Amino acid sequence: MGQITRKQRDIYLHDGGSRCPFCSGREMVSEIVQYDRLAGIIHCEVECMRCKESWVDKFSLTDICNYD
């Protein structure tokens, strides 16, 4: 797994995780690997199918609304 630079991370987050931080490819697959209920954080393992690099996305609970 390659080392993600601060610049790559910032661009990836700014783009909403829509492109690989290593090669800018859009061909990515992900899988939830951990859910920390107490911290409200979901860890998703992501792999780019174009360059084969992988990383972990972290998602946190930011809001709640009624289910309609």
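This section describes the strands, the nonpolar core and two individual residues of a predicted model.

The strands are considered first. Three of them, arranged in the order β1-β2-β3, form an open sheet with antiparallel pairing. The edges of this sheet are occupied by β1, which covers residues 28-36, and by β3, which covers residues 54-60; each of these strands pairs on one side only. Neighbouring strands in the sheet are turned against each other by 25 degrees on average, with direction ignored. Strand β2, comprising residues 41-48, is joined to β3 by 7 bridges, and these two strands run antiparallel. One pairing of residues concerns Val46, whose bridge partner in β3 is Trp55.

Both Val46 and Trp55 also belong to the largest nonpolar core, which has 5 residues. The other members of this core are Tyr12, Cys20 and Cys48. When neighbours within four places in sequence are left aside, Tyr12 is in contact with Trp55 and Asp57, and also with Gly17, Arg19 and Pro21.

A further residue of interest is His43, which is located in strand β2. Its relative accessibility is 19%. Because residues under 20% relative accessible area are classed as buried, His43 counts as buried. Not counting residues up to four places away in sequence, His43 touches Glu31, Ile32, Val33 and Gln34, together with Val56, Asp57 and Lys58. Asp57 is thus listed among the contacts of His43 and among those of Tyr12.

Key:
Residues numbered from 1 in each chain as written. Predicted model: local features only at pLDDT ≥ 70, side-chain atom pairs only at ≥ 80, totals over all residues. Heavy atoms only, no water. Core = buried A, V, L, I, M, F, W, Y, C linked by side-chain atoms within 4.5 Å. Buried < 20%, exposed > 50% of the residue type's maximum accessible area, 1.4 Å probe, protein only. Contact = heavy atoms within 4.5 Å. Pairing = 2+ DSSP bridges. Helix = DSSP H or I, 4+ residues; strand = E, 2+ residues; numbered from the N terminus. Axes fitted to C-alpha atoms, helices over the stretch in contact; angles between N-to-C directions.
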